[in-house]
Amino acid sequence: ALHLPNGQVMMTFVDVTDSVKVERALLEKNDARQKADRLKNDFVHHVSYELRSPLTNIIGFANLLGDPAFGALTQKQGEYLGYITASTNALLALINNILDLATIDAGAMTLNLGDVDIRTSMDAAAEGVQDRLVKNRISLDIRAHADIGSFVADERRLRQILFNLLSNAVGFSPPGETVTLAAERRPDAIYFRVTDRGPGIPEEAMDKVFDWFETDSMGSQHRGPGLGLSLVRSFVELHGGTVAIDSVPGKGTTVTCAFPVAQIAKQTAA
């Protein structure tokens, strides 16, 4: 209101109807998106659990079939049982990865922090890919100082990170090549590097490698990273760290995970 010299008052009105409508629409859209995210996460969790239960039974009974106490198998039966076991284990790992990513996406992932021995974690991750190393005639070179020691992290998640990086590197490596797993302690952070000598990643595909179900074969016979690198980035970032990729097409790829030692690891997903 503005008081005029002649004693009159001039009133000014501002129509905010449009602004209110826009604000309401934005709030409704945001609420709908949040509900959709909740529905998506609930669905993923439900389906993952429902799939895991019968799959666990299949794995259990397949293991029983391989027990000599239940009778000897023919060579062909043993071969087929091996295919069943490998396929069901791969499927269970995929389901667990989906469940982990959905939990992180929902902001419900909590780290179980403790003192983690670096060399032990590296050796455990290497053991997980040993069969693929032998099958594909690939050598694994583990590099870390004997006194590299330990740092605060979630041991189970760190092993998952290293296992997924090694699985990816082995999958893209030509037979007879070497994959390198290295760890280095610096004043600011603990660095883990996994290097392969595979086909490398084209520049235009670099932004996609962390996407869910990214399956570009990068010119190899491997089906692609799938969920592995998505999970790696999520778990590293939960620790307050970063992931970087250095790749040269035709020469190979190095993935570097940095875990800041001075920064308090995040307890839950952002």
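User: Which residues does Asp 154 touch, not counting residues up to four places away in sequence?
Analyst: The model is predicted, so local features need pLDDT of at least 70 and side-chain atom pairs count only at pLDDT 80 or more, whereas totals for chains, interfaces and linings use all residues. Residues are numbered from 1 along each chain as its sequence is written, and side-chain values use heavy atoms, with hydrogens and water left out. Asp 154 is found in strand β5 (residues 150-154); helices (H or I, at least four residues) and strands (E, at least two) are DSSP runs numbered from the N terminus. Beyond four places in sequence, its contacts (heavy atoms within 4.5 Å) are Thr 110, Leu 111, Asn 112, Leu 113, Val 116 and His 239.

User: Is Asp 154 buried or exposed?
Analyst: The classes are buried (under 20% relative accessible area), exposed (over 50%) and partly exposed in between, with a 1.4 Å probe and protein chains only. Asp 154 has a relative accessibility of 5%, so it counts as buried.

User: At what distance from a polar atom of the Asp 154 side chain does the backbone nitrogen of Arg 156 lie?
Analyst: A polar contact is a pair of N or O atoms within 3.5 Å; within protein, one must be able to donate a hydrogen and the other to accept it, and residues adjacent in sequence count only if both atoms are side-chain atoms. The backbone nitrogen of Arg 156 and a polar atom of the Asp 154 side chain lie apart by 3.2 Å.

User: In what order do the 5 strands of the open sheet stand?
Analyst: Two strands pair if DSSP finds at least two bridges between them. The pairing in this sheet is mixed; β4 (139-143) and β8 (242-248) are the edge strands, each pairing on one side only. From one strand to the next the twist averages 10 degrees. The order is β4-β6-β7-β9-β8.

User: Which residue in β6 stands opposite Ser 139?
Analyst: Strand β6 (residues 178-185) pairs with β4 in the parallel sense, over 5 bridges. The residue in β6 opposite Ser 139 is Thr 178.

User: Which residues does Thr 180 touch, not counting residues up to four places away in sequence?
Analyst: Thr 180 has its place in strand β6. With a relative accessible area of 9%, Thr 180 is buried. Beyond four places in sequence, it touches Asp 141, Arg 143, Arg 193, Val 194, Thr 195 and Arg 197.

User: Within what arc do the buried residues of α3 fall?
Analyst: Helix α3 (residues 118-128) lies across β4, β6 and β7 (189-196), and runs at about 170 degrees to β4; axes are lines fitted to C-alpha atoms, for helices over the stretch in contact, and angles run from 0 to 180 degrees between N-to-C directions. Its buried residues are Ile 118, Ser 121, Met 122, Ala 125 and Ala 126. They line one face of the helix, because the arc they span down its axis (taken from the directions from the helix axis to the C-beta atoms) is 135 degrees.

User: Which side chains of β8 point to one face and are buried?
Analyst: Side chains alternate along β8. Thr 242, Ala 244, Asp 246 and Val 248 point to the other face and are not buried. Those that are buried are Val 243, Ile 245 and Ser 247.

User: How many residues lie between β8 and β9 in their hairpin?
Analyst: β8 runs antiparallel to strand β9 (residues 252-260), joined by 7 bridges, and Val 248 has Gly 252 as its bridge partner. In the turn, Gly 250 has a positive phi of about 90 degrees. The number of residues between the two strands is 3.

User: What phi does Arg 137 have?
Analyst: Arg 137 sits in the loop between α4 (130-135) and β4. At 58% relative accessibility, this residue counts as exposed. Although Arg 137 is not a glycine, its phi is positive, at about 55 degrees.

User: At what distance does the side chain of Ser 173 reach the backbone oxygen of Ala 169?
Analyst: Ser 173 is in the loop between α5 (155-172) and β6, and its relative accessibility of 8% is why it counts as buried. Ser 173 touches Ile 138, Val 179, Asp 196 and Arg 197, with residues up to four places away in sequence not counted. Its side chain reaches the backbone oxygen of Ala 169 at 2.6 Å.

User: What share of the residues in the chain is buried?
Analyst: The chain has 6 helices and 9 strands. Of the 270 residues in the chain, the buried share is 35%.
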